[in-house]
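The following exercises invite the reader to examine selected contacts and strand pairings. Each task is followed by a solution in steps.

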Amino acid sequence: MKSNSFKPFISKCFFFSLLFTVPLLLLLSRNNSVILIVVPVNKTPPQSSSTGGEKIDDLKIRPGYNTYESYIQKQLNKTLNPGLRKIWKTRDWDRKIKVFIKFFNDLKQRNLLFNESKALSIGARMGQEVEAMKQIGVSDSIGMDLVPSLPLVVAGDFHKQPFMNETFDFEFSNVFDHALYPHKFVGEIERTLKPDGVCVLHVALSHRADKYSANDLYSVEPLKKLFKRSELIHVQTVDGFGLDTEVVFRKKK
């Protein structure tokens, strides 16, 4: 009798151990080596509001994400797509670097980015943005994405950056539309930016972004409300791989 009652207990222990195991372990093959990727996942379910309690007009969260894990998995479906990764590393590599060099040189001419800046590119994928900054003299730059691409890109979730407070002088991102929690996306930028630091976002306002996007932005106004510790200093149109607007904020001292 004691043995029979013990088996269900063991089964329950095994089930709960699986339930609390790290939710996402992926193997990525690169340069004939195997990298173990551990992506920390916040199990908080998606909120109905775009900002976690405050509804903002002109910013809509797309439906369909029952868990944060399902949201992360959808993002990884794109990031880990072998065909896309091959394109990003080959055909798109030089073309994107040339465009980003032009973007970042323009920011340097406007005294928003400097050679001595400590810079972060959020959602950098293969790291073209980082390589472009290094080529124009911003040597202390790094990228962050769910899937690392070393040495240019480290692993991290933009809803909870793996960096200390006030680490960077400059942060760039063209993946705001992929944020399921825009208030956390912006909050992490403001947390990790130094006072007087600059954040540059490339966003799509005139058309809807791709199927992997988690939100739709219809004007700059929601960004002005989300950046509570920063001031808007510049808006202009750009041609940035499907994104049409550049928005620049400076963190208040």
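**Exercise 1: A strand and its partners**

In this predicted model, Leu-232 stands opposite Phe-249 in β11. Determine how strand β10 is joined to β11, and what lies between the two.

Solution.
- Step 1. Strand β10 covers residues 230-240 and runs antiparallel to β11, with eight bridges joining the two.
- Step 2. β10 and β11 form a hairpin with two residues between them.
- Step 3. In the turn, Phe-241 has a positive phi of about 55°.

**Exercise 2: The other pairing of β11**

State in which sense β8 and β11 pair, and whether the residues of β11 are buried or exposed.

Solution.
- Step 1. The pairing of β8 with β11 is antiparallel and extends over six bridges.
- Step 2. A pair of facing residues can be located here: His-202 stands opposite Glu-246 in β11.
- Step 3. Buried means under 20% relative accessible area. Strand β11, residues 243-251, is mostly covered, as nine of its nine residues are buried.

**Exercise 3: Salt bridges within helices**

Find the salt-bridge partners of Asp-92 and of Glu-188, and describe how each pair is placed in its helix.

Solution.
- Step 1. A salt bridge requires a side-chain nitrogen of Lys or Arg within 4 Å of a carboxyl oxygen of Asp or Glu. The count by this rule is 10 salt bridges.
- Step 2. Asp-92 meets the rule with Arg-95, their closest N and O atoms being 2.9 Å apart.
- Step 3. Asp-92 and Arg-95 are three residues apart in helix α4 (residues 91-109), so about one helical turn separates them.
- Step 4. Asp-92 counts as buried because its relative accessibility is 8%, whereas Arg-95, at 43%, counts as partly exposed.
- Step 5. Glu-188 forms a salt bridge with Arg-191, with 2.8 Å between the closest N and O atoms.
- Step 6. Both residues of this second pair lie in helix α6 (residues 182-192), three residues apart, about one turn of the helix. Glu-188 and Arg-191 are both buried.
- Step 7. Salt bridges with shared partners join Arg-91, Asp-92 and Arg-95 into one network.

**Exercise 4: A salt bridge between strands**

Identify which parts of the chain are linked by the salt bridge of Asp-169 and Lys-194.

Solution.
- Step 1. The closest N and O atoms of Asp-169 and Lys-194 are 3.5 Å apart.
- Step 2. This pair links distant parts of the chain, with Asp-169 in strand β7 (residues 168-173) and Lys-194 in strand β8 (residues 193-203), 25 residues apart.
- Step 3. Asp-169 is partly exposed at 25% relative accessibility, and Lys-194 is partly exposed at 29%.

Methods:
Residues are numbered from 1 along each chain as its sequence is written. This is a predicted model: local features need pLDDT of at least 70, side-chain atom pairs count only at pLDDT 80 or more; totals for chains, interfaces and linings use all residues. Side-chain values use heavy atoms; hydrogens and water are left out. Helices (H or I, at least four residues) and strands (E, at least two) are DSSP runs, numbered from the N terminus. Buried means under 20% relative accessible area, exposed over 50%, partly exposed in between (1.4 Å probe, protein chains only). Two strands pair if DSSP finds at least two bridges between them.
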